[in-house]
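Colleague: Got a minute to walk me through this model? I'd like to go through it piece by piece.

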Amino acid sequence: MSCQCECGTCKSPQFELIDRIVETHKDEQGALIPVLHAAQEALGYLPEDVQAYIAEKLNVPLSEVYGVVSFYSLFSIVPKGKYKISVCLGTACYVKGAGEVMAEFEKQLGVKVGQTTEDGHFTLEGCRCLGCCGLAPVLVVNDNIHGRLTTNDVSDIINKYKEIKQ
Ligand code: FES
């Protein structure tokens, strides 16, 4: 858990960040999930070395941390794309064609649901009802909602977020 300067004494910034997160939650009962959640918010995902560090800091078995991370779909052990495309697969959206929209994204992005494009730009996910069924079928890209979609909209949405400068 030491830094990359190889001095052997200082920690990498990500572990210093986790130290602060653990400090915030350490007196809470069931601190593991809030700590994992905050760590993922900060780092974008929970790689194995981070899980091991959290287990050590909270003094819980590593198997328990792995178990929680793999059980809850909100946790990810791989980096997410810069833009997360979440297609609503709730009933109202599904009956209005969300499945076809999802299939078109898979085809055009060259990934399956849950995967990230090789360039790290997009992660494609399915999600439950977003609470705006009147706009079905709906998807959200990060915090931006797009509604009343057809498969013809897919390339425009991909191009819109590709064109946004890094
Ligand atoms: S089912 Fe998709 S927004 Fe409600």
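Modeller: Sure, one term up front: a residue is buried if 20 or more other C-beta atoms lie within 10 Å of its own, exposed if 12 or fewer, and partly exposed in between, with C-beta atoms placed from the backbone. Also, this is a predicted model, where local features need pLDDT of at least 70, side-chain atom pairs count only at pLDDT 80 or more, and totals for chains, interfaces and linings use all residues. Residues are numbered from 1 along each chain as its sequence is written.

Colleague: Okay, so is Val 101 buried or exposed?

Modeller: Val 101 counts as buried, because it has 25 C-beta neighbours inside 10 Å. Val 101 is in helix H6; helices (H or I, at least four residues) and strands (E, at least two) are DSSP runs, numbered from the N terminus.

Colleague: And what does Val 101 touch?

Modeller: Leaving out residues up to four places away in sequence, Val 101 touches Val 87, Pro 137, Leu 149, Thr 151 and Val 154. Contact here is when the C-beta atoms of two residues, placed from the backbone, lie within 7 Å.

Colleague: Val 87, then. What does Val 87 stand opposite in S2 and in S3?

Modeller: In S2 the residue opposite Val 87 is Gly 126, and in S3 the residue opposite Val 87 is Leu 139.

Colleague: What's the strand order in that sheet?

Modeller: The order is S2-S1-S3-S4, an open sheet of 4 strands with mixed pairing. The edge strands, S2 and S4, each pair on one side only. From one strand to the next, the twist averages 20°. For pairing, DSSP has to find at least two bridges between two strands.

Colleague: How do S1's partners run, parallel or antiparallel?

Modeller: One of each. S1 and S2 run parallel and are joined by 6 bridges, while S1 (residues 83–88) and S3 run antiparallel with 3 bridges. In that second pairing, Ser 86 has Val 140 in S3 as its bridge partner.

Colleague: Where does H6 sit on all this?

Modeller: Helix H6, residues 98–109, lies across S1 and S2 and runs at about 150° to S1. Axes are lines fitted to C-alpha atoms, for helices over the stretch in contact, and angles run from 0 to 180 degrees between N-to-C directions.

Colleague: Back to Pro 137 for a second. Is the peptide bond leading into it cis or trans?

Modeller: The Ala 136 to Pro 137 bond is cis, with omega near -5°. Pro 137 is in the loop between strand S2 (122–127) and strand S3 (139–141).

Colleague: Which non-glycine residues should I look at for positive phi?

Modeller: Look at Asn 142, with phi near 50°, and at Arg 148, with phi of about 50°. Asn 142 is in the loop between S3 and strand S4 (144–146), and Arg 148 is in the loop between S4 and helix H7 (154–163).

Colleague: Buried or exposed, those two?

Modeller: Asn 142 counts as exposed because it has 11 C-beta neighbours inside 10 Å. Arg 148 counts as exposed too, with 11 C-beta neighbours inside 10 Å.

Colleague: Changing topic: how is the chain split into domains?

Modeller: Domain 1 is 13–71 and domain 2 is 83–163; the bounds come from an automatic or database domain assignment. Taken over C-alpha atoms, the centres of the two domains are 30 Å apart.

Colleague: How do H2 and H4 pack?

Modeller: Helix H2 (residues 32–43) and helix H4 (residues 62–71) pack at an angle of about 65°, with their axes 11 Å apart. The crossing of H2 past H4 is right-handed, meaning the near helix is turned clockwise from the far one by less than a right angle (anticlockwise would be left-handed).

Colleague: Which residues meet there?

Modeller: From H2 you have Leu 32, Ile 33 and Leu 36, and they meet Val 65, Val 68 and Val 69 from H4. The contact has 6 nonpolar residues, no polar and no charged. Ala, Val, Leu, Ile, Met, Phe, Trp, Tyr, Cys and Pro count as nonpolar, Asp, Glu, Lys and Arg as charged, and the others, Gly among them, as polar.

Colleague: Last one: what about Gln 40 in H2?

Modeller: Gln 40 is partly exposed, with 18 other C-beta atoms within 10 Å. Not counting neighbours within four places in sequence, Gln 40 is in contact with Tyr 45, Leu 46, Phe 75 and Ser 76. The C-alpha atoms of Gln 40 and Val 101 are separated by 28 Å, and the two residues are 61 residues apart along the chain.
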